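Thank you all for making the time this morning. I would like to walk you through one model, going from contact to contact, and I will give the cut-offs as we go.

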Amino acid sequence: MSGPHFTLAELAEKFDLKVQGNAGTKIIGVAPLSTAGREQLTFLANSLYRKKLSQTQAAAIILRDIDATLSLAPCLIAKDPYVAFAKISALFEIKSVISPGIHPSAVIDPSASVDPSASIGPFVSIGAHTHIKENAVIGAGSVIGDHCHVGAQSELVARVTLVTRVHIGKRVLIHPGAVLGAEGFGLAMDAGQWLKVPQHGGVVVGDDCEIGANTTIDRGALGDTVLEEDVRLDNQIQIGHNVQIGAHTAIAGAVAIAGSAKIGRYCLIGGAAGIVGHIEICDKVRINAFSLV
């Protein structure tokens, strides 16, 4: 076998799981219940799919103890099968090899600093007084403006824009097309026409966050727009200026959050929900899809 492969016994030991059936069963990949082949591992986390247990061709299944009697295939028994599957699935993920260095086509301001271990891809632009830290990856076509900071081991996949005064923590993953630090939507009516309110703040993103493709996070008007650690944002989300999002909150696609809203820790916000400005949502709140708060 050319790729990674493990026995059920090895996976059980690595992730503190229990084996039912042949512990020597070899696994070379992962797949859904309905399509898994004879050397692949699958999982059952939702009881709605129990009927597929008898139909799957998978080599083995991750499931709860209560479902183990329903399976004819070998099993890995887990308290939370979805979490166990996520951890095991990462073993089979194929990632591109990234080498440190600066591509010849990149344009970097002389006042910027780039750690020698960082990787700067083709056609990247890095502005004045910006810092790129250890083992950071700046993907092709990304634009990083002035006074920005990209923390160690963070990755901007491709075509990411940090406009100005954006501080990215460690191990942050930002997907293509995301724009952080654009002007917030601040307007004042003066003598019958709009007057733009300057946006003097920035954006602060904590460690271990993930920001989806084409998501936009506006910089603050005076203070900063803030994402605490381990916030997870899906694609095409709009975060207004001076919004604060608490640690470990996850937000699905097409959500729009107006300026100065404050969202607590461990919240779950469903797709296309809207949150008006200047309100506060406490910790561990769940907002279903298409809701308006």
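Let me begin with a term: a polar contact here is a pair of N or O atoms within 3.5 Å, where within protein one atom must be able to donate a hydrogen and the other to accept it, and where residues adjacent in sequence count only if both atoms are side-chain atoms. What you see is a predicted model, in which local features need pLDDT of at least 70 and side-chain atom pairs count only at pLDDT 80 or more, while totals for chains, interfaces and linings use all residues. Residues are numbered from 1 along each chain as its sequence is written, and side-chain values use heavy atoms, with hydrogens and water left out.

With that term in hand, please look at Q199, whose side chain is joined to that of H241 by a polar contact of 2.7 Å. Q199 sits in the loop between strand 23 (193-196) and strand 24 (203-205), and I should add that strands (E, at least two residues) and helices (H or I, at least four) are DSSP runs, numbered from the N terminus. Is Q199 buried or exposed? Its relative accessible area is 3%, so Q199 is buried, given that buried means under 20% relative accessible area, exposed over 50%, and partly exposed in between, with a 1.4 Å probe and protein chains only.

Next to H241 in your numbering you will find N242, in the loop between strand 29 (238-239) and strand 30 (244-245). N242 is also buried, at a relative accessible area of 17%, and its C-alpha is 9.6 Å from that of G277, although 35 residues separate N242 and G277 in sequence.

Let me step back to the whole chain. Its secondary structure comes to 2 helices and 37 strands, and the C-alpha trace spans about 75 × 50 × 25 Å along its principal axes. Of the 293 residues in the chain, 42% are buried.

Now to the aromatic residues. A search of the whole structure finds 3 aromatic pairs, where rings of Phe, Tyr and Trp (its six-membered ring) pair if their centres lie within 6.5 Å, with planes under 30 degrees apart counted as stacked, over 60 as edge-to-face and the rest as tilted. Why is the pair of F6 and F92 called edge-to-face? The ring centres of F6 and F92 are 5.7 Å apart and the planes stand at 90°, so the pair falls in that class. Because F6 lies in strand 1 (residues 6-7) and F92 in the loop between helix 2 (81-89) and strand 8 (101-102), the pair ties together parts that are 86 residues apart in sequence. F92 is buried, with a relative accessible area of 13%. Elsewhere, F43, Y82 and F85 form one aromatic cluster.

I turn now to the charged side chains. Side chains of opposite charge can pair when their charged atoms come close. The structure holds 7 salt bridges, a salt bridge being a side-chain nitrogen of Lys or Arg within 4 Å of a carboxyl oxygen of Asp or Glu. One of them joins K196 to E183, with the closest N and O atoms 3.1 Å apart; this pair links distant parts of the chain, since K196 is in strand 23 and E183 in the loop between strand 21 (179-182) and strand 22, 13 residues apart. K196 is exposed, at 52% relative accessible area, whereas E183 counts as partly exposed at 38%. Together with R219, E183 and K196 are linked in a network of salt bridges.

Which residues does R232 meet in salt bridges? Its side chain meets that of E210 at 3.4 Å, N to O, and that of D230 at 2.8 Å. R232 lies in strand 28 (residues 232-233) and E210 in strand 25 (residues 210-211), so their pair ties together parts that are 22 residues apart in sequence. R232 counts as partly exposed at 37% relative accessibility, and E210 is partly exposed at 24%, as is D230 at 24%.

One last place to look is A272, in the loop between strand 34 (268-269) and strand 35 (274-275). A272 is partly exposed, with a relative accessible area of 30%, and C-alpha to C-alpha it is 5.9 Å from A289, which is 17 residues away in sequence.
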